[in-house]
Amino acid sequence: MSIAKINKKPLVIIAVIGIAVVVAMNFLFGHAEWLRDLFSGSSTVGEVSAGNGQSFAARNELAARISMTIFVAITALQVLAFGIGYAVVNAIRQSDEAPTLKLVRLEGSEIFFDVPLYVGLFGTISAFLVMSYSPQSSRLIAYSSTLIGIIFSLVLRISLHYPLRQKLESEKAGINK
């Protein structure tokens, strides 16, 4: 199975969803106080000077924007990883190969089911970089990226990998379902 055989339609749909998430988060960050507060804490920060001519509120806003950008980038990577996993399984499912070869290819594609977990771990580690500027948003990034990675990995394994594996094992054994 080559990359040329992978159906690109699901990847395009996933990319559009990822872009929509990025645009929506940026819009909401600028227009919804509740979202901004998730990344910056309470919006009641005073206009006290930070010592270099920049107010704490301005520094807090910058840290919140950086945190939100990291969060959105990690979420977009999660969506992309999910889309690639889906496309790989779909290509194996639709190939004209023998069930035995499809099973071998499915075993070789195991890495694609773990990629969301790795991206979630990357998000957790990235959150440590933000921790000194915004402890609240770093926790949000760490927990949510890990949670999204676990959920996406489970969905790929339970809804795509397991049913296809069972079907191919049945076909290999000569049992038609």
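This section describes the fold, the side-chain pairings and selected residues of a predicted model.

The protein chain has six helices and zero strands. Read along the sequence, the pattern is α-α-α-α-α-α. The protein chain has 177 residues, of which 38% count as buried. Its accessible surface comes to about 10,200 Å². Carbon and sulfur atoms account for 69% of that surface. Contacts were also examined by sequence separation. Among contacts in the protein chain with a separation of 6 or more, 72% join residues 24 or more positions apart.

Salt bridges were examined next. The structure holds six of them. One of the six is formed by the side chains of E107 and R165, with an N to O distance of 3.4 Å. This pair links distant parts of the chain. E107 is in helix 4, which spans residues 99-108, and R165 is in helix 6. The two residues are 58 residues apart. E107 counts as partly exposed, because its relative accessibility is 47%. The cut-offs for that class are 20% and 50%. The pairing of E107 with R165 is also part of a wider arrangement. E107, R165 and E169 are linked in a network of salt bridges.

Helix 5 and helix 6 are joined by salt bridges as well. The side chains of E110 and R157 meet at 3.0 Å, N to O. E110 lies in helix 5 and R157 in helix 6, so this salt bridge ties together parts that are 47 residues apart in sequence. R157 also forms a salt bridge with D114. In that pair the closest N and O atoms are 2.6 Å apart. R157 in helix 6 and D114 in helix 5 are 43 residues apart, and the pair again links distant parts of the chain. R157 therefore has a salt-bridge partner in E110 and another in D114, while its relative accessible area of 24% makes it partly exposed. E110 is likewise partly exposed, with a relative accessible area of 25%.

Aromatic pairing was searched for across the whole structure. The search finds one aromatic pair. The pair consists of F82 and F152, whose ring centres are 5.2 Å apart. The ring planes stand at 55 degrees, so the pair is tilted. F82 lies in helix 3, residues 56-94, and F152 in helix 6. The pair therefore ties together parts that are 70 residues apart in sequence. F152 has a relative accessibility of 21% and so counts as partly exposed.

The surface was then examined for nonpolar patches. I111, L117, Y118, I150, L154 and I158 make a nonpolar surface patch of about 560 Å². Two elements give two or more residues to this patch: helix 5, residues 110-130, and helix 6, residues 135-173. I111 is found in helix 5. Its relative accessibility is 43%, so I111 counts as partly exposed. Helix 5 and helix 6 thus appear both in the nonpolar patch and in the salt bridge between E110 and R157.

Two further residues, A64 and S95, were considered individually. A64 is found in helix 3. With a relative accessible area of 0%, A64 is buried. Neighbours within four places in sequence were left aside when its contacts were listed. A64 is then in contact with F29, F39 and S40. A64 and R36 are 28 residues apart in sequence. Their C-alpha atoms are 7.0 Å apart in space.

S95 is placed outside the helices, in the loop between helix 3 and helix 4. Its relative accessibility is 17%. S95 therefore counts as buried, as the class takes in values under 20%. The side chain of S95 reaches the backbone oxygen of I92 at 3.0 Å.

Conventions
Residues numbered from 1 in each chain as written. Predicted model: local features only at pLDDT ≥ 70, side-chain atom pairs only at ≥ 80, totals over all residues. Heavy atoms only, no water. Patch = residues over 30% accessible without salt bridge, like charges linked within 9 Å, V, L, I, M, F, W, Y side chains within 5 Å. Areas by Shrake-Rupley, 256 points an atom, 1.4 Å probe, with all protein chains shown as cover. Salt bridge = Lys/Arg side-chain N within 4 Å of Asp/Glu carboxyl O. Helix = DSSP H or I, 4+ residues; strand = E, 2+ residues; numbered from the N terminus. Buried < 20%, exposed > 50% of the residue type's maximum accessible area, 1.4 Å probe, protein only. Contact = heavy atoms within 4.5 Å. Phe/Tyr/Trp six-rings, centres within 6.5 Å; stacked < 30°, edge-to-face > 60°. Polar contact = N/O pair within 3.5 Å; in protein donor to acceptor, adjacent residues only side chain to side chain.
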